[in-house]
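Colleague: Before I use this model at the bench, I would like to go through the words used to describe it and hear what each of them rests on. Could we take them one at a time?

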Amino acid sequence: INAEENNGNALISVIDEGIGISKEKLSKLFSVSESISTKGTEDEDGSGIGLILCKEFIEMHGGHIKVDSEVNIGTTISFNLPSE
């Protein structure tokens, strides 16, 4: 986890070295109409709505979220929120 302040915004990044997300799933990650869930590194299930809820919360507070991922390498989820 990394946090920094940049031009009046708090920038938070969460980085993992997990299974990653394919480009196909990445393009649908924030879509309410499709449930995207992948088993985790310990074969755990997910509901597929966690990042959708995060996106809604962040945008309601004037921020933005972005996800970069590569299969078998890991994922970085970054978001910013106004710090004032």
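What follows is a conversation about the terms and the values behind them.

Modeller: This is a predicted model, in which local features need pLDDT of at least 70 and side-chain atom pairs count only at pLDDT 80 or more, while totals for chains, interfaces and linings use all residues. Residues are numbered from 1 along each chain as its sequence is written, and side-chain values use heavy atoms, with hydrogens and water left out.

Colleague: What is the mean pLDDT of the protein chain?

Modeller: On pLDDT, the predictor's confidence in each residue from 0 to 100, the protein chain has a mean of 86, and 86% of its residues reach 70 or more. Confidence is lowest in helix H1 (residues 23-26), at a mean of 88, and highest in strand E2 (residues 9-16), at 96.

Colleague: What makes a stretch count as a helix or a strand, and how many of each does the protein chain have?

Modeller: Both are DSSP runs numbered from the N terminus, with at least four residues for a helix (H or I) and at least two for a strand (E). By that rule the protein chain has two helices and four strands, and their pattern along the sequence is β-β-α-α-β-β.

Colleague: How do you know which strands pair, and in what order do they form the sheet?

Modeller: Two strands pair if DSSP finds at least two bridges between them. Seven bridges join E3 to E4, and eight join E2 to E4, so both pairs satisfy the definition of at least two. The four strands form an open sheet in the order E1-E2-E4-E3, with antiparallel pairing.

Colleague: Why do strands E1 and E3 stand at the edges?

Modeller: Strand E1 (2-6) and strand E3 (64-70) each have a single partner strand, so one side of each is left without a neighbour in the sheet. As for individual bridges to E4, Lys 66 is partnered by Ser 78, Val 67 by Ile 77, and Asp 16 by Thr 75. The hairpin of E3 and E4 has three residues between the strands, and Asn 72 there takes a positive phi near 65°.

Colleague: Why is Ser 78 called buried?

Modeller: Buried means under 20% relative accessible area, exposed means over 50%, and partly exposed lies in between (1.4 Å probe, protein chains only). Ser 78, which is found in strand E4, has a relative accessible area of 14%, and is therefore buried. Of the 84 residues of the protein chain, 19% count as buried.

Colleague: What makes the link between the side chains of Ser 78 and Ser 13 a polar contact?

Modeller: A polar contact is a pair of N or O atoms within 3.5 Å; within protein, one must be able to donate a hydrogen and the other to accept it, and residues adjacent in sequence count only if both atoms are side-chain atoms. The two serine side chains make such a contact at 3.1 Å.

Colleague: Which residues is Asn 80 in contact with, leaving aside its neighbours within four places in sequence?

Modeller: Contact means heavy atoms within 4.5 Å, and on that basis Asn 80 touches Asn 9, Ala 10, Leu 11, Ile 58, Gly 63 and His 64. The place of Asn 80 is in strand E4 (residues 74-82), and its side chain reaches the backbone nitrogen of His 64 at 2.9 Å. Ile 58 lies 22 residues from Asn 80 along the chain, with 7.8 Å between their C-alpha atoms.
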